[in-house]
Amino acid sequence: MSSERLGIGFVGSGFNARFHIQSLTSVREIDVRGVWSPNEKNAASSAALARELDVGEARPYKSIRDMVADPAINALWICSPNHARIANIKEIVDAIKGGAGTLRGIACEKPLARNVAEAKQVVDMVESVGLNTGYLENQLFSPDIIRGRELIWARGASLTGRPYLARAAEEHSGPHMPWFWQGHLQGGGVLNDMMCHSVEVVRQLLTKPGAPRSSIKPMRISGHIASLKWSRSNYAKQLSETMGKEVDYTKRPSEDFARATIEYEGENGETLVGEVTTSWSFVGAGLRLSAELLGPEYSMSWNTLDSSLKLFFSREVKGKAGEDLVEKQNAEMGLMPVVAEEASVYGYSGENRHMARAFLAGEKPMLTFDDGLEVVKVLMSAYMSAEKGQTVEFPPPGLESFIPAVAKGSWKP
């Protein structure tokens, strides 16, 4: 294996960036060299975290252009808010076109953009400078998903037929930052925020190992959205007090629950089904990722809260609120699951290792910005279906100019 390492810079210093940084303690191929954020204090804090974890001599940068210009940085990880995506990519592309520096690749957190038009703009901009791209979907790199898929296809599918039904869900009690809750900034509600993960998990599970992602094709999509919890008056008040007056779910709600059924056509014309669910109204120990795969004579299941490590605290243990046991932790007493290595369990470590190796070798990663664009098309189709109250053929007419009512502030639960 080559000893060459990829020097990366983070555009954005929020929760996702910090999770990526934490995952790199087991990734030998990456050194974190820089962090940029419009909030200089947050950039400095994330850079300090990288140095503390010994994953690179990171420092905060004054601009994205400065990171592109630094020869020690040869790839960027985009972890900034959705509404900043176009401006951030444009600054990178303009810096490269202006001769400020070169990059081996650029990786972007989910979703690629807030709607199809923006996603196409992102793809076009990076193609104009020939950048290698990676679309970050961490759950595909979860060790349990990887191993479960391998075994199901090698043992069950090879003897009794390919799998035909996959389910995936991501659920928790709500995002950390105010912009996530604002439809016009984020591009929607929980569907646009998190369903991308589950969409890719079901597609991956239903795709034969070694076959191209395009070997199964989405044909029809049925979506449903609702605000089950956070538009209720008492919770809307609580949300506004926590996130600020700009987050007012009595006037401008976003959906906190979404589901979709995606019908695929298999390589031999078979009907395959993916069921995806996501929620900001889940009440439990914390973040729950789950998946199932079913075939003629077999099944698999995955649930991150089915942890092998559990702790119990009586009511006499009155610790402060935190997330030291599991992401989006909702309690500090009782019987609590512990996800000891979240960055690995959720797939961040494997994802970053894969992207780094692809960029270093000059190869296309498993998922590129083109794949990220297709995921946005699926999400927007689910919104269209929910608004119409009917199943839509994929891709539906008008998709490229469609903006969800939630993002326009005109949606009513």
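## Sheets, helix pairs and a few odd spots

In strand 11, A291 is the bridge partner of A168. That pairing is a handy way into this predicted model, so let's follow the strands out from there.

A168 and A291 sit in a longer match-up: strand 7 (residues 165-171) and strand 11 (residues 288-295) pair in the antiparallel sense over seven bridges. Strand 11 also pairs with strand 12 (residues 298-303), again running antiparallel, this time through six bridges. Here A291 turns up once more, standing opposite W302 in strand 12. How many residues does the hairpin use to join strand 11 to strand 12? Two residues make the link.

### The parallel sheet

Elsewhere there is an open sheet of six strands, with parallel pairing and the order 3-2-1-4-5-6. Strand 3 (59-60) and strand 6 (133-135) stand at the edges; each has a single partner strand, so one side of each is left without a neighbour in the sheet. Helix 12 (residues 369-388) packs on this sheet, where it touches strand 5 and strand 6. The direction of helix 12 makes about 35 degrees with that of strand 6.

Further in, strand 4 (residues 75-78) and strand 5 (residues 105-108) run parallel and are joined by four bridges. One of the residues to look for is I78, whose bridge partner in strand 5 is C108.

As a general reminder, strands of a sheet pair through backbone hydrogen bonds, and they do so either parallel or antiparallel.

### Two helix pairs

Helix 12 has a helix partner too. Its axis and that of helix 5 (residues 116-127) come within 9 Å and cross at roughly 175 degrees. Which way do helix 5 and helix 12 run, parallel or antiparallel to each other? An angle over 145 degrees counts as roughly antiparallel, and helix 5 and helix 12 therefore fall in that class. On the helix 5 side the contact is made by V116, A119, K120, V122, V123, V126 and E127, and on the helix 12 side by F369, D370, L373, V376, K377 and M380. Sorted by class, that contact has nine nonpolar and four charged residues, with no polar ones.

The second pair is helix 6 (residues 143-160) with helix 8 (residues 190-206), packed at an angle of about 30 degrees with their axes 10 Å apart. That makes helix 6 roughly parallel to helix 8. Helix 6 brings I145, R149 and W153 to the contact, while helix 8 brings V201, Q204, L205 and L206. By class, the residues in the contact of helix 6 with helix 8 are five nonpolar, one polar and one charged.

### M194, tucked into helix 8

M194 is in helix 8. Is M194 buried or exposed? Buried means under 20% relative accessible area, and M194 counts as buried because its relative accessibility is 2%. Leaving out residues up to four places away in sequence, M194 touches E170, E171, H172, T278, S279 and W280. Take E170: 24 residues separate it from M194 in sequence, yet the two are 6.9 Å apart in space, C-alpha to C-alpha.

### Backbone spots worth a look

Three loop residues have backbone angles to check on screen, and here they are side by side.

| Residue | Where | Backbone feature |
|---|---|---|
| P111 | loop between strand 5 and helix 5 | cis peptide bond from K110, omega near -25 degrees |
| P395 | loop between strand 15 (392-393) and helix 13 (405-408) | cis peptide bond from F394, omega near -5 degrees |
| D54 | loop between helix 2 (40-52) and strand 3 | phi near 60 degrees |

The phi of D54 is a positive value in a residue other than glycine. D54 is also exposed, with a relative accessible area of 66%.

### Stepping back

The whole protein has 13 helices and 15 strands. Its radius of gyration is 21 Å, close to the 22 Å that the globule rule gives for 413 residues, so the protein is as compact as a globular protein of that length. The C-alpha trace spans about 55 × 50 × 45 Å along its principal axes. Of the 413 residues, 56% count as buried. And among contacts between residues at least 6 apart in sequence, 76% join residues at least 24 apart.

Terms used: Residues numbered from 1 in each chain as written. Predicted model: local features only at pLDDT ≥ 70, side-chain atom pairs only at ≥ 80, totals over all residues. Heavy atoms only, no water. Pairing = 2+ DSSP bridges. Contact = heavy atoms within 4.5 Å. Axes fitted to C-alpha atoms, helices over the stretch in contact; angles between N-to-C directions. Parallel < 35°, antiparallel > 145°, perpendicular 65-115°, else oblique. Nonpolar A, V, L, I, M, F, W, Y, C, P; charged D, E, K, R; others polar. Buried < 20%, exposed > 50% of the residue type's maximum accessible area, 1.4 Å probe, protein only. Rg over C-alpha atoms; globule rule 2.2 N^0.38 Å.
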